[in-house]
Structure formats: C-alpha cells, structure tokens
Amino acid sequence: MIKPPATKWPVLAIVLAATFHAVPLKAESEDDAYQPAPQFDSVDFDRKELPDDPYEPNRLNITGSAQGQRQSFSRGPYVSVQVNVDSFGHNILGDAANEPSIAVNPLNRNQIVIGWRQFDSVASNFRQAGWGYSHNHGITWTFPGTIEAGLFRSDPVLNVSPEGVFYYYSLRVDGAYLCDMFRSFDGGVTWGPRIAAFGGDKAWFTVDHSNSPGRGNIYASWNPSASCCESNIFTRSVDGGLTYMNPIPVIQSPRHGQVATGPDGAVYIGDRAFGNVAILKSADAFNAPSIPTFQSNIAFIGGNSSGGGVNPGGLLGQMNVAVDHSNGPTHGNVYILSSLDPPGDDPVDVMFARSTDGGVNWDPPVRVNDDPISSTASQWFGTMSVAPNGRIDVIFNDTRASGTNSLSELYYTNSIDGGDTWAPNVPVSPQFNHSLGYPNQNKLGDYYDMVSDEDGADIAYAATFNLEQDVYYLRIGAIDCNNNGVDDGDDISMGTSLDCNSNTFPDECEGDCNQTGIPDDCDILNMTSDDCNQNDRPDECELVDNEWDANQIPDDCQLVELSATLTSPTDVETCPNGDANFSVASPLSGLTYQWKRNGTPLIEGVDGTGTQTANLFVSNADASDVGFYSCVVTAVCISTESDYAQLTLSDPVSITQQPVPLSQTCTGNTFVLSVETVGDDVSYEWRRDGAPLVEQSGAFENVDTPMLRIVDVSAADIGDYHCVVADECGGLEESDVATFHINEVEFTAQPLPTCAVDGDSIALTATPHAGGLSIFRQWHKDGTPLVDGGNVSGAFTDTLTIEDISSFDEGEYALRALALGASCVAFSDSVLVVLDACTCATPGDMDEDGDLDLADLHQFAQCFGNNVAEFNECACANVDDLDDIVNLNDWTLYAPVLTGP
C-alpha cells in the first residue's frame with residue numbers, strides 16, 4: 001500500500017519551512033506592454049492535436065499482462081502507483097499514457113479518478129480518452145479502458161462537483177475542434193453519454209466550489225487558434241453540465257491557461273506570452289441570465305512562455321491559475337505559476353506571482369525552484385494547487401540531479417504563507433528518462449495535475465519507470481490519527497491497530513459512544529446497535545440528549561420521519577398585485593405550523609391568511625411581499641422547517657436595444673434583425689409592413705424570438721419591420737421600425753482579351769460599381785489573389801498591369817470587388833492571357849487543318865475588322881502581320897492562296 005511520510009502533515013510543513021528559500025526577480029516597468037501569444041504556440045503545438053495516424057492496436061501485450069512488472073515505484077517515503085494497469089495490477093507492454101488530469105470526490109476522498117491520453121500502441125499517435133478510478137484513496141487502481149473506444153480524443157481535463165459528480169472534458173477532432181463533457185455518478189466506474197460542450201484545443205474547465213451564487217457552475221475556455229467557434233472561446237454551464245452557453249469572445253484571446261474561481265464566484269483565466277501574463281477576470285460570470293464580462297490585468301512573471309527543449313514536441317506546462325478559498329489571512333489571494341524561460345542561460349524555471357487584490361495588482365515574481373540561479377537545469381511541467389487551509393503545493397519535473405536534458409525527477413515544494421517563502425525542494429520520484437516511449441509524438445504530453453486537501457496532495461503525473469510512458473498516482477502528506485508517530489496505514493498493516501470496517505482508519509480513531517470498544521459504525525454494521533436516523537451513531541447513545549417525549553425513540557428518528565414525509569412549498573412568480581399560494585403537507589397528525597418570510601414569522605391578516613396552517617395565501621402581492629417563504633412544522637417537541645420557496649414579481653417587459661434601421665445587405669444573403677428586452681416570460685412577434693410574419697424555413701425564420709432571420713434576401717423582402725413584445729401580465733411594447741437596402745456589385749466595364757509575346761507589357765481593366773458604397777478591389781489569377789510586386793502592379797485598382805510578361809504570367813485573370821458594409825462580392829469576366837496567341841503557324845489556316853479552303857474563308861469573314869489583340873482566335877486571319885487589324889490588306893494576300901473546298 002502507499003506509504004506517505006511517517007510524520008503528520010503539519011509537522012512535515014514545519015520541518016520543510018525551517019529553511020525556506022525564495023529568490024524574487026525584478027519586475028518590468030509599468031510601461032512594459034503586453035504582447036500577444038507567440039505564433040509558435042499555435043503553429044508548432046496547437047495544430048498537432050489532429051488524427052494524422054491511424055489507430056494501431058497493441059501488438060506487444062500479447063498475453064494481456066506483463067507478468068513480473070512492478071506497478072509502484074518509491075523515492076524514500078513517497079510511493080508512485082501506476083494507474084494504467086491491467087486487471088492483475090501489472091504494466092501493459094507497448095502502450096503509452098500521458099497528459100493526466102485528476103479529480104477527487106470532496107464528499108468521499110477515497111474516490112479518485114484520473115484521465116489521460118491513451119495510446120494503445122507507441123507505433124501510432126492515435127489517442128483516446130483513457131481513465132482509471134480508485135475507491136481506496138489510490139492504493140489500487142482499475143483501468144476499464146477508454147471512453148468511446150476507437151474515437152480520437154485528446155487534452156483530457158477532469159473535475160468534480162461539490163456534490164461528488166465527476167466530469168471528464170475531452171477534445172474530439174473529427175472535421176472540427178469540439179469538446180464533449182462526460183459525467184459519472186458512481187465515482188468514475190461508468191460514464192454517461194457525451195454532452196456537446198463546444199470547446200477546442202488546450203481546453204480547460206473548472207467547477208465552482210465556492211459558497212457564492214455560482215456554486216456548482218462549470219466554466220471552460222480554450223485556444224482560439226484551434227476552436228469550435230473561431231474567437232468565441234468561453235462557455236458556461238449552470239445546470240450541472242447538461243447544457244452550455246453559446247461561446248463568447250474573451251479579451252486577449254487566452255491560450256494555454258487554466259480556469260479558476262474565487263471564493264466570491266469570480267472567474268479567472270490565465271494567458272501567458274513573452275514574459276507577461278494577462279489575468280482575465282469576470283466578476284459576473286455566475287449570473288446565469290447575463291452574458292459574462294471580463295477585465296484584463298497584466299502580471300510580470302519573470303520569463304517567456306516556451307515549448308520544446310526537454311519536451312521537444314510539446315509545452316513545458318500549462319499556465320496555472322489558482323485562488324485561495326481558505327478562511328485565513330491569505331483568503332482570496334490569486335496565484336499564477338508556470339514553467340518559463342527566464343533571462344540568462346537558465347533554460348526553464350518555475351515562476352510564481354501573487355495578487356492580493358483580486359488580480360488587479362501583482363507582487364514581483366518568485367523563483368520556486370531552489371537550484372542555483374546559474375544552473376542550466378530545466379524545471380518543467382510546473383503544477384500548482386491550493387489546499388482549503390491556504391497551503392500552496394507545487395510539483396515539477398527537474399533535471400538538476402542528472403545534468404542532462406533527458407533525465408528528470410519529480411520535485412515537490414510548498415508555501416504556508418501565501419507564497420512569501422517556499423520549503424526546500426524535495427525529490428519525490430525516482431529518476432526517469434522522459435525521452436523514452438514517445439508514441440510517435442515527441443513529448444510527454446503537455447501538463448500534470450494535482451488536487452490539495454488539508455492533509456496533503458493527490459498527484460497525477462506521467463513517467464517512464466517501465467521504460468515507456470505511463471500515468472502514476474502519488475500521495476504527498478501523512479495521516480496519523482492516533483498521534484503515535486506512525487502512519488495510519490503502517491499501524492494497520494503491522495497489526496498495531498485494527499480496522500474493523502476496512503476504511504484505512506485505525507479503530508481507536510473512530511467514535512465509540514456506547515463504550516463497547518468497537519467503533520460505532522462497526523456496531524451498526526454488525527447489527528449489535530440500531531441506527532434509525534442513519535447518522536452512524538447507535539440509537540442507545542442518543543436517548544440521553546435526544547429523547548424528550550420518553551418513547552425510547554430518538555427524537556432525531558421522529559424528526560427524520562417528519563422531514564421525509566413533509567412536502568415543501570414551490571416557488572411562485574406572480575404579476576404585480578397578483579396572488580400567491582404556498583403549501584406544505586405531511587400524513588402525520590397533530591402538527592402545528594408557522595410560516596416565515598425571510599426568517600421572520602408572518603402575522604395573520606397582516607402578511608397573509610393561513611399563516612399558522614398548512615396553506616398560506618398572499619393576495620395583492622407587492623414589493624413588500626417579495627422574499628423566501630418557509631414553514632416550521634412541529635410535532636409535540638420536535639420541529640422541522642421546510643425548504644424555502646421564493647416569491648417574485650414578474651418584471652414588466654421593456655425593449656433595451658432596438659433593431660438596427662436602414663441596414664444594407666446583398667441579394668441571397670441572410671439578414672438579421674434583433675431586439676433585446678428585459679422582463680419575465682416575454683413573447684415576440686415580428687411584423688412586416690404591420691402584418692405578422694409566418695415562420696417559413698429558408699425565408700422568414702425565428703419569427704417569435706428576439707432575433708429574426710431573413711434568409712436568401714431578395715427585393716421582395718424589402719419593407720418596414722418591427723417587433724411586438726409582450727409579457728404575461730399584459731405589458732406590451734413595439735420596437736422601432738427597421739428596414740434595409742439591397743446592394744449589388746455590377747461591372748460597367750469588363751476586362752478585354754489580349755495577347756502578348758515574351759517581354760511585352762499588358763493592362764487589364766474592369767470597372768465595378770456598387771451604388772455609392774466603397775469597394776475593395778483585388779485582381780485574381782487562376783483564383784488566387786494577387787498583390788503588387790515583381791512585374792505586377794495595380795492589383796488593388798481597376799487596372800492590372802503586367803510588365804515584361806513571361807510564360808509564368810499565363811492564366812485566367814478576373815477582378816474581385818467587395819462592397820464594404822453590405823459585404824456584396826462579385827467577380828468580373830475572366831480573360832485568358834496566353835503568350836504568342838497573336839500569330840499562328842500558317843497564316844490564313846483558320847481551322848489549322850493544313851490547307852486553306854472555304855472553311856477557313858468562313859472564319860476569316862467573321863474576324864474581318866477585328867483586332868487580334870482583343871480576339872485571339874482571329875490571330876490566323878492577320879495574314880500581313882503588319883498590324884493587329886484584320887482588313888483588306890490581309891484579304892489581298894489571302895484570296896490568291898485559297899486552295900479549294
């Protein structure tokens with residue numbers, strides 16, 4: 001089993017704190033500007049999340065298990081347990097697993113789930129969504145396989161709700177970048193069907209565990225360069241992950257940063273680039289009815305974001321963001337941490353910065369790794385989590401001991417004073433060669449993950465102890481409930497402590513209210529004691545202080561029955577001066593009632609009628625009646641209070657944003673008119689020229705919503721449009737009238753055909769017109785946009801000039817015209833430019849069949865009077881080759897040589 005350090009966590013923290021070491025770096029000046037993320041992030045790394053290799057089955061693990069391979073590895077008291085193991089707990093040969101993410105059930109910390117990128121064979125970079133679960137706090141692990149086997153997935157991120165629901169957020173790339181959310185209600189044993197959740201590459205999400213109105217909300221952000229929704233990169237779920245807000249853009253377009261929430265429900269996103277970090281904060285994201293807004297503040301963190309190096313094909317870690325939820329002096333602190341390239345020769349350091357005012361201002365950065373500043377070691381995959389008591393835990397890979405770029409150890413440190421000082425760095429894993437076992441992809445993933453609690457930290461990381469990439473679980477922090485200086489697990493394994501309920505806690509640490517020498521829950525499990533109220537306390541222990549009516553039944557049990565049978569009132573929304581009814585019910589007899597509003601008992605006839613009955617009636621409700629209603633129900637000497645029900649007054653409808661009038665569009669486009677309103681239960685009716693519109697797919701769509709779509713616009717659709725909005729209480733408003741104009745791009749002059757020989761200069765001219773709108777022009781050759789340069793000029797004007805023409809310039813040319821504002825696009829006629837098209841092999845042989853006959857004469861007559869520069873097909877009619885006009889001079893030479901029919 002896992003053997004954490006033999007001392008309790010507080011002792012460990014004090015010992016490590018004895019020689020704290022921190023090296024602050026000088027911050028940049030306030031004038032230093034924030035820079036956008038480096039381009040190599042999006043080009044070299046982000047776009048690699050593509051299914052470019054086919055699926056490859058495991059060809060090495062023929063027997064189904066690798067007998068004799070260890071599944072745990074120790075470094076002193078720290079034991080790393082392999083997670084991706086077979087049913088025997090052995091390593092699986094020939095596969096790879098990396099980029100782990102971990103979640104721990106806050107209601108039952110024995111339940112831990114880790115997800116990772118699963119490569120069934122190192123011969124292919126085709127990866128799937130792997131996962132493993134443990135229900136004994138990481139002692140043993142079950143690896144069931146992959147979510148949606150055979151489907152390409154990447155970038156796993158896991159989290160858990162305050163109620164213990166596990167979430168698995170996974171990137172899917174099958175024609176587009178999308179993320180799906182999976183939910184597990186049984187501790188990660190099984191997962192429900194995929195739930196579409198928008199997303200993109202390097203997506204990260206968090207669940208709000210604060211006591212704010214946003215508790216339980218899910219917030220996600222991802223990289224805009226590989227996104228489902230272009231620059232719209234933030235979404236939210238307020239219903240436990242079932243549905244998601246349409247993504248919205250976020251200032252700075254963050255990438256590679258984590259998402260975190262504060263104790264007040266504020267949302268933070270990190271965006272790293274060029275030595276600065278933009279911390280994006282939304283103070284209103286928890287407000288479900290509204291669209292979140294963000295503000296950006298800049299923190300200098302002491303180095304540039306980087307990738308490659310010790311992890312050639314990947315990142316050196318995510319930009320970590322965390323917020324302190326403790327009740328101590330560090331409450332609300334915002335922290336950022338990342339592995340960065342600092343100034344000088346040191347390639348990678350773990351850098352940390354802190355804000356004590358909600359992310360507005362930032363203290364100078366601190367170097368967390370304590371090797372010499374002159375060192376050339378790399379500290380990469382820096383990962384941070386904050387415990388409920390405010391302790392900051394940090395892990396990272398470190399090459400300091402090996403002196404090479406391929407051998408790393410996992411290191412750990414912590415801070416118990418908000419990042420002012422840091423404990424000495426401690427290696428917590430054996431050394432491993434991280435360049436081994438690449439799954440046809442030169443990296444160990446892009447990140448590690450960690451979750452902290454009061455006593456320690458649960459860690460998920462990847463290493464190559466089996467000479468291939470595997471995922472490991474590591475627990476840091478000891479538990480010693482009986483204060484004997486020995487870890488609880490060792491107490492039990494050595495027989496110095498018993499564990500009757502097999503929950504890894506010594507029996508002497510558990511409650512024994514009836515003094516039987518057996519833990520209370522074991523008494524209950526053995527059925528030597530009853531537990532009628534299921535509070536894990538034998539009933540006989542409650543008859544002293546929980547038995548007022550002398551019936552030898554704990555009052556709590558009677559209370560449980562009353563609470564279980566009591567139905568609670570439901571929320572009521574009524575119109576101003578409307579009526580509201582609240583009621584409770586229970587089959588038990590002899591009950592008395594007292595209704596409350598906002599915790600204050602109601603007075604009969606003043607605050608309503610029936611205030612001391614099961615049914616409360618509130619008439620002519622106004623603002624003074626708004627609030628939370630509950631009923632205290634009493635049976636003899638026990639009482640219970642119903643759930644709260646809220647009384648609200650419907651907000652009257654009001655239009656806050658009118659449809660945009662006199663807009664411009666193009667024939668065939670989709671035109672949108674919209675209104676924004678406030679109010680409850682608002683209905684919408686769009687009208688044209690006063691008549692209600694009827695829903696018609698492909699013509700008028702969403703006619704009863706705030707946003708009307710007019711599809712495939714034509715002149716017949718022009719008219720006066722407005723929206724009538726109403727609420728259920730009879731309120732009515734009509735929007736302003738809006739109309740639109742239809743614009744087209746037309747060409748009053750088209751480019752003319754021309755011909756040339758090597759070295760000539762030609763000019764092509766087309767004249768577009770768009771009814772007074774500004775036009776953006778650009779010539780195209782063979783469908784490709786042209787720009788000025790070389791022998792081409794005028795690419796953005798009516799006339800394109802090609803100097804010193806050569807065979808490279810042959811092709812079809814056309815002018816593209818875009819009407820600005822209306823976005824109407826049209827192309828001119830295309831003309832073919834071909835060298836030497838003004839002459840032919842045999843003058844007069846119009847059909848080029850080798851003789852000159854009446855067939856040639858017919859074509860010659862059609863070309864008579866034409867300029868061969870404009871009509872290349874008449875080149876053979878220019879017999880005299882003295883000018884470009886087919887005229888009598890050509891006929892004089894042509895007539896005598898006609899040879900027959």
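**Following the chain through its disulfides, a helix and its cores**

The torsion about the S-S bond that joins Cys-575 and Cys-729 is about -95°, so this disulfide is left-handed. That makes a good place to step into this structure, which is a predicted model. The sulfur atoms of Cys-575 and Cys-729 sit 1.8 Å apart. This pair connects distant parts of the chain: Cys-575 belongs to the loop between β34 (572–574) and β35 (580–583), while Cys-729 belongs to the loop between β50 (721–726) and β51 (732–734), 154 residues apart. How exposed are the two partners? Cys-575 counts as partly exposed, at 22% relative accessibility, and Cys-729 is partly exposed too, with a relative accessible area of 33%.

How many disulfides does the structure hold? There are 5. As a reminder, a disulfide is a covalent bond between the sulfur atoms of two cysteines.

Another of these links is formed by Cys-500 and Cys-522, whose sulfur atoms are 1.8 Å apart. Is the disulfide of Cys-500 and Cys-522 right-handed or left-handed? The torsion about its S-S bond is about 95°, so the disulfide is right-handed. Here as well, distant parts of the chain are linked: Cys-500 lies in the loop between α3 (488–493) and α4 (520–525), and Cys-522 lies in helix α4, 22 residues apart. Look at the surroundings of each partner: Cys-500 is partly exposed, with a relative accessible area of 40%, whereas Cys-522 counts as buried, at 2% relative accessibility.

Next, find Cys-863 and Cys-874, which form a disulfide with their sulfur atoms 2.2 Å apart. With -80° about the S-S bond, this link is left-handed. Cys-863 lies in helix α6 (residues 854–863) and Cys-874 in the loop between α6 and α7 (888–894), so the pair ties together parts that are 11 residues apart in sequence. Are these two cysteines buried or exposed? Cys-863 is buried, with a relative accessible area of 5%, and Cys-874 counts as buried at 2%. By contrast, Cys-179 is in no disulfide; the nearest cysteine sulfur belongs to Cys-228 and is 7.8 Å away. Cys-179 is nevertheless buried, with a relative accessible area of 2%. Cys-631 also counts as buried, at 0% relative accessibility.

Let us return to helix α6, where Cys-863 is found. Which residues of α6 are buried? They are Asp-856, Phe-860 and Cys-863. Seen down the axis of α6, its buried residues fall within an arc of 60°, so they line one face of the helix. These buried residues pack against α7. On the face turned away from the buried side, α6 carries the exposed residues Leu-854, His-858, Ala-861 and Gln-862. After α6 comes Gly-865, whose phi is positive, near 90°.

Now for the nonpolar cores. In soluble globular proteins, nonpolar side chains tend to be buried together. In this model, the largest nonpolar core has 36 residues, and those touching the most other members are Tyr-167, Tyr-169, Met-181, Phe-205, Ile-218 and Phe-234. Which strands supply this core with at least two residues each? They are β9 (166–173), β10 (177–184), β12 (204–207), β13 (218–221), β14 (232–237), β17 (267–273) and β18 (276–282). Strand β9 gives the largest share, 4 residues. Apart from this core lies another, of 27 residues, including Ala-770, Ile-775, Trp-779 and Ala-826.

Our last stop is Asn-743, which lies in strand β52 (residues 740–743). Asn-743 is buried, with a relative accessible area of 11%. The C-alpha atoms of Asn-743 and Thr-667 are separated by 7.3 Å, although these residues are 76 residues apart along the chain. Which residues does Asn-743 contact, leaving aside its neighbours within four places in sequence? They are Gln-664, Thr-665, Cys-666, Thr-667, Ala-770, Leu-773, Ala-822 and Cys-824. One of these contacts, Ala-770, was named above as a member of the core of 27 residues.

Note on methods: Residues numbered from 1 in each chain as written. Predicted model: local features only at pLDDT ≥ 70, side-chain atom pairs only at ≥ 80, totals over all residues. Heavy atoms only, no water. Disulfide = S-S within 2.5 Å. Buried < 20%, exposed > 50% of the residue type's maximum accessible area, 1.4 Å probe, protein only. Arc of directions from axis to C-beta. Contact = heavy atoms within 4.5 Å. Core = buried A, V, L, I, M, F, W, Y, C linked by side-chain atoms within 4.5 Å.
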